[in-house]
Amino acid sequence: MGILAWILLGLLAGIIAKMLMPGKDPGGIIVTTLIGIAGALLGGWLGKVIFHVDSVDGFFEISTWIAAIVGSLVLLSVFRLFARRR
């Protein structure tokens, strides 16, 4: 996938993660995009390491979206923990 596809996937995964974990978050669309992009990368990497599968096959593959959303949920949870402590 190209860099624009990663940014779009990350943006959408970040938005979906925020919809699945409603609540007050510090940060706007930029933070959502960054968490989503990092979550997509984290999800793809964890899929390879833990399950030994290539979870980032293509933009329209369900495994890519699941990995990106799960990674975004994990990072959003960590972000909320650190943001509350401040």
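**Figure 1. Lys18 in helix α1 of the predicted model**. In this predicted model, K18 has a relative accessibility of 24% and therefore counts as partly exposed. The residue belongs to helix α1, which covers residues 3-20. K18 and G36 stand 18 residues apart along the sequence, and their C-alpha atoms are separated by 9.7 Å in space. G36 is also one of the residues in contact with S72 when the sequence neighbours of S72 within four places are left aside.

**Figure 2. Overall arrangement of the chain**. The chain contains three helices and zero strands, and its pattern along the sequence reads α-α-α. Of its 86 residues, 33% are buried. Among contacts with a separation of 6 or more, 67% join residues 24 or more positions apart. The accessible surface of the chain amounts to about 5500 Å², and carbon and sulfur atoms account for 74% of that area.

**Figure 3. The largest nonpolar core**. Eight residues form this core: W6, L9, A13, A40, F59, W65, A68 and I69. Helices α1 (3-20) and α3 (62-85) each contribute at least two of the core residues. One core member, A13, touches A68, I69 and S72, with residues up to four places away in sequence not counted.

**Figure 4. The surroundings of Ser72 in helix α3**. S72 is a residue of helix α3 and counts as buried because its relative accessibility is 0%, below the 20% limit for that class. Its contacts, apart from neighbours within four places in sequence, are A13, G14, A17, I35, G36, G39 and A40. Two of these partners, A13 and A40, are members of the largest nonpolar core.

**Figure 5. Leu73 in helix α3**. L73 is located in helix α3 and, with 21% relative accessibility, counts as partly exposed. The value lies in the partly exposed class because buried means under 20%. Setting aside neighbours within four places in sequence, L73 contacts A17, L20 and M21. A17 is also among the contacts of S72. L73 and G43 are 30 residues apart in sequence, with a C-alpha to C-alpha distance of 9.6 Å.

**Figure 6. A nonpolar surface patch that includes Val70**. I62, I66, V70, V74, V78, L81 and F82 make up a nonpolar patch of about 640 Å² on the surface. V70 is situated in helix α3. With a relative accessible area of 45%, V70 is partly exposed.

**Figure 7. Gly23 in the loop between α1 and α2**. G23 occupies the loop that links α1 and α2. This glycine is exposed because its relative accessible area is 54%, and exposed means over 50%. G23 and R80 are 57 residues apart in sequence, yet their C-alpha atoms are 9.7 Å apart in space.

**Figure 8. Confidence of the prediction**. Mean pLDDT for the chain is 78, and 85% of the residues reach 70 or more. Confidence is highest in α3, with a mean of 83, and lowest in helix α2 (residues 29-51), with a mean of 78.

Key: Residues are numbered from 1 along each chain as its sequence is written. This is a predicted model: local features need pLDDT of at least 70, side-chain atom pairs count only at pLDDT 80 or more; totals for chains, interfaces and linings use all residues. Side-chain values use heavy atoms; hydrogens and water are left out. A nonpolar core is a set of buried Ala, Val, Leu, Ile, Met, Phe, Trp, Tyr and Cys residues joined through side-chain atoms within 4.5 Å. Buried means under 20% relative accessible area, exposed over 50%, partly exposed in between (1.4 Å probe, protein chains only). Helices (H or I, at least four residues) and strands (E, at least two) are DSSP runs, numbered from the N terminus. Contact means heavy atoms within 4.5 Å. Patches are made of residues with over 30% relative accessible area and no salt bridge: like charges are joined within 9 Å, nonpolar side chains (Val, Leu, Ile, Met, Phe, Trp, Tyr) within 5 Å. Accessible areas come from the Shrake-Rupley method with a 1.4 Å probe; for residues, only the protein chains shown count as cover. A salt bridge is a side-chain nitrogen of Lys or Arg within 4 Å of a carboxyl oxygen of Asp or Glu. pLDDT is the predictor's confidence in each residue, from 0 to 100.
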